[in-house]
Amino acid sequence: MRNSIPTLTVSAIAAALLLVAPTAHADNDNNTLVPNNKRLNDGVVSNVYTVQHQAGCTNDVKINPQLQLAAQWHANDVLNNRALDGDLGSDGSTPQTRALAAGYQGEVAQTVAINPALAINGVDVINQWYYDPVDMSIMSNCAYSQMGVWSANSLDRSVLVAVYGKPQ
């Protein structure tokens, strides 16, 4: 009987701590109702900044909400239309037409990463783009100082789209 009291006390304290513990939000996004990949998306922007600076750029790379919206549209389109694997959308849209529709006025380019699995990570993304000459030339172009990144996942496919913008 003597051993059951400390066990009961420890259990009660642990339960009480769980009830009053604050919820952790590692990506500073308190909206838990809408799943998102904010940390992944922001990490891709950071990795592109690093690639640009390795190429000799001195500019900042800033997240642009219009480019992010264009990236979101295309990521969802590629996720839901298995025949898509590049710049062209199921409706015939291009990165430039999507950016214009989202309200962005500058010149744009786009890179797309697809992983046939539930998840994708920043290393997968950068490896896909770094060793592709076309994608690498887009990523390392110093004129692209604005970006929008969006990723979407299903059980067997993950898609990440980055739209790069040259401000006017």
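How many residues lie between S3 and S4 in the hairpin that they form? The legends below answer this question and describe the strands of a predicted model.

**Figure 1. Overview of the predicted protein chain.** The model shown is predicted. The protein chain contains six helices and four strands. Followed along the sequence, these elements appear in the pattern α-α-β-α-α-β-α-α-β-β. Of the 168 residues in the protein chain, 37% count as buried. The accessible surface of the protein chain amounts to about 9,700 Å², and carbon and sulfur atoms account for 57% of this surface. When contacts between residues at least 6 apart in sequence are considered, 67% of them join residues at least 24 apart.

**Figure 2. The hairpin of strands S3 and S4.** Two residues lie between S3 and S4 in this hairpin. Strand S3 comprises residues 146-154, and strand S4 comprises residues 157-166. The two strands run antiparallel and are joined by nine bridges. One bridge in this view pairs Asn 153 with Ser 158 of S4. In another, Met 147 stands opposite Tyr 164 of S4.

**Figure 3. The pairing of strands S2 and S4.** Strand S2 is formed by residues 107-115. S2 pairs with S4 in the antiparallel sense, and the pairing extends over nine bridges. Within this view, Gln 110 has Val 163 of S4 as its bridge partner. S4 therefore has S2 as a pairing partner as well as S3, and is largely enclosed by the rest of the structure because nine of its 10 residues are buried.

**Figure 4. The burial of strand S4.** Is S4 largely enclosed or largely open to its surroundings? Buried here means under 20% relative accessible area. By this criterion, nine of the 10 residues in S4 are buried, so the strand is largely enclosed by the rest of the structure.

**Figure 5. The pairing of strands S1 and S3.** Strand S1 consists of residues 62-63. S1 and S3 run parallel and are joined by two bridges. In one of these, Lys 62 has Gln 146 of S3 as its bridge partner. S3 thus takes part in a parallel pairing with S1 and in an antiparallel pairing with S4.

Terms used: Residues are numbered from 1 along each chain as its sequence is written. This is a predicted model: local features need pLDDT of at least 70, side-chain atom pairs count only at pLDDT 80 or more; totals for chains, interfaces and linings use all residues. Side-chain values use heavy atoms; hydrogens and water are left out. Buried means under 20% relative accessible area, exposed over 50%, partly exposed in between (1.4 Å probe, protein chains only). Two strands pair if DSSP finds at least two bridges between them. Contact means heavy atoms within 4.5 Å. Accessible areas come from the Shrake-Rupley method with a 1.4 Å probe; for residues, only the protein chains shown count as cover.
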